[in-house]
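Student: Please take one loop of this chain and look closely at it and at what lies around it. Follow the links from there into the rest of the structure.

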Amino acid sequence: MSIQRVSKLMVEVVMVEVMVLTALLAAFPASVMAQSRDINTYVLFALKELRTKGPTIKNGDVGVNQGMLAVSPHGQMDALESQVVADMVRSPVTSRCKQLFSNRVDVAMPGCAAPAALIAPIAFPIVQDPSKACGFPNPFPACSSDASKAVVVLGDARVTLAPDPAGYRDVQILAGGTLILTGGDYRFCSLRAGRNATILIQHAATLNVASTVNIGNDVFLGPDASIQPAISPRDVRIFVKGSSVHFSGHADVHAALCAPDAMLRLTREANLNGVFVASRIRTERITGELPSTTTTTTASSTTSTSHPGSTTTSTTVPIDCSKACGNGHIDAACKEKCDGIDFDHTSCPGSSAVGAFLTCKADCTIDFDGCPNALKCGNGVKEPFEQCDPVALNAACPDGKVCGAAGTAVGCLCVPKEICGNCIDDDGNGDTDFEDAACCPQLQTFRMAVSHARLRPRGALSTLRLRTILARAGLSKINPQKQDVFVQIRPSGGPDLFCARIPADKFMRIRRGFSFWDKKHHVTSAKGISDAKVMVRRDGTVRFRALGRRAQMRTPARGPLQLTVAFHDAATGDAQNSCSTETPAFRTGRRGRLIVP
């Protein structure tokens, strides 16, 4: 056979192979041909791993940028309108989706279309730079270190917060309170919403949270439906630099979350509406969907709204200042100081409670006449502007509440009683458990001497070493075999970084000392403390030392840290509590360590 004949046959074979391959590819619908690489089409998008007990996804995709998606053997995934994209998928056979893209599937899922890997391997990662794709700011905006910038919303209070160029400190909405954000760029050190709280966003807003986000049971976070036209959940952008984001049971969150270094935990029956991006995602049985596509225009002098993957639009609308006052939000162009319940960041002199006791006049200026007089709060008389007075014989607070101490953010307000030992600032005065005089009054508190303290960063954890003298006299009657031992750490005037409880039944008596060890971290309330010892000397001196190689706290910046060690027996009540505390200044050592002395 001639060379020309052989060459002609080879060409014909190649052409046939190309035609067959083309026909095979054409047999699959377009959705099979390519998985989405647009991060904004995903309801849940984990960068490394997604583990779930069973989500119900109404629309929008579910993906892992480079890693595994695992569904519990006791659950199933219902995502009939969704692409599911992950390099490895482990799921029960009952799971359902519109299209599965994976290079390895442990168990076939008839409820999902055949994996695209049957045609060609899927290239991972899905998105080359997820942080950039979701618009994560670099450098990250700093929050305020000023303790007066902390915001606490309690009970039935409704507090309106406008952006502050200097940022805020920790923001807490407790006991069913409502926080209203007028719109713009916010900087929070942390964000916490307790059970039944509400966070409403009136106009497009960006929430930059430097540390953790904790959304409690039955909390709503999302656009304010009373403001029309309403914004989209995509207009509520939450950027988290910290390592933990938690949405508790029945929480209803409408937003776009980007937390590339955080673990996102979603508890039973949480509902998500938006785009939620995190390093790792853990969910119980939840529901999720993408927001509907809407276009809104905000009536202000100039607004600019942008989303990752979309164009930026600006709209200029003239404001009629004669009609602006009374629309419920401050129009700076009209020189308004307030509007309705929107007081920007204004508070009474000496208070950090934004908007408390203030009245907005008809001309949108602020009436300060209702502000409590700091000299009157605590004078033993309940003034007309006070809910109570802590010194009065009858504080006038209902059962289960106490009168806030004078000189604090909750002074002369009825607040929940502080519950000693639950690691929660129940009364909202900024002091948690044994830092609070309600749990350790002055006569029960001793001054600690810190002989050695070390904090070494280990990502989201820290190595903790502590050697102290709790008291030189007066504390020798403590008994860790009957009293739980608490260790608390916080920046001076800030929220708790660490609150650990070592149960009394875990201590062993050894001579004149009491020892605790938990090398395998079975005692979860110890928060990573693996070794602790309380020593009572014959001269009455009490020494305490602790070691935690994986203490559950992130190492803070250098500066003063309040250290508190407390002894508490729930059976005998708070009258027998004993505490020791000190606020030493930590300096920076090698490799980011914090050191005393």
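Tutor: P165 sits in the loop that connects β10 (158-161) with β11 (170-173); strands here are DSSP runs (E, at least two residues), as helices are (H or I, at least four), each numbered from the N terminus. This is a predicted model, in which local features need pLDDT of at least 70 and side-chain atom pairs pLDDT 80 or more, while totals for chains, interfaces and linings use all residues. Residues are numbered from 1 along each chain as its sequence is written, and side-chain values use heavy atoms, without hydrogens and water.

P165 counts as exposed because its relative accessibility is 72% (exposed is over 50% relative accessible area, buried under 20%, partly exposed in between, with a 1.4 Å probe and protein chains only). In sequence, P165 and D185 are 20 residues apart; in space, their C-alpha atoms are 8.5 Å apart.

D185 leads on to F188. Beyond its neighbours within four places in sequence, F188 is in contact (heavy atoms within 4.5 Å) with residues including L161, Y168, R169 and V171, and also with C143, L207 and V209. F188 is also, with L44 and F247, one of the residues with the most contacts inside the largest nonpolar core, which has 79 residues. Such a core is a set of buried Ala, Val, Leu, Ile, Met, Phe, Trp, Tyr and Cys residues joined through side-chain atoms within 4.5 Å. Strand β21 (residues 252-266) gives this core its largest share, eight residues. Another core, of 37 residues, lies apart from it and has V450, A500, V523 and V596 among its members.

C143, one of the contacts of F188, forms a disulfide with C189, with 2.1 Å between the sulfur atoms (a disulfide is a pair of cysteine sulfur atoms within 2.5 Å). This pair links distant parts of the chain, 46 residues apart: C143 is in the loop between α3 and β9, and C189 in the loop between β13 (184-188) and β14 (190-193). The angle about the S-S bond is 95°, and the link is right-handed. C143 is partly exposed because its relative accessibility is 23%, whereas C189, at 12%, is buried.

A disulfide also joins C134 to C258, S to S 1.9 Å. C134 lies in the loop between α3 (130-133) and β9 (151-153) and C258 in strand β21, so this pair ties together parts 124 residues apart in sequence. Both C134 and C258 are buried. The structure holds 10 disulfides.
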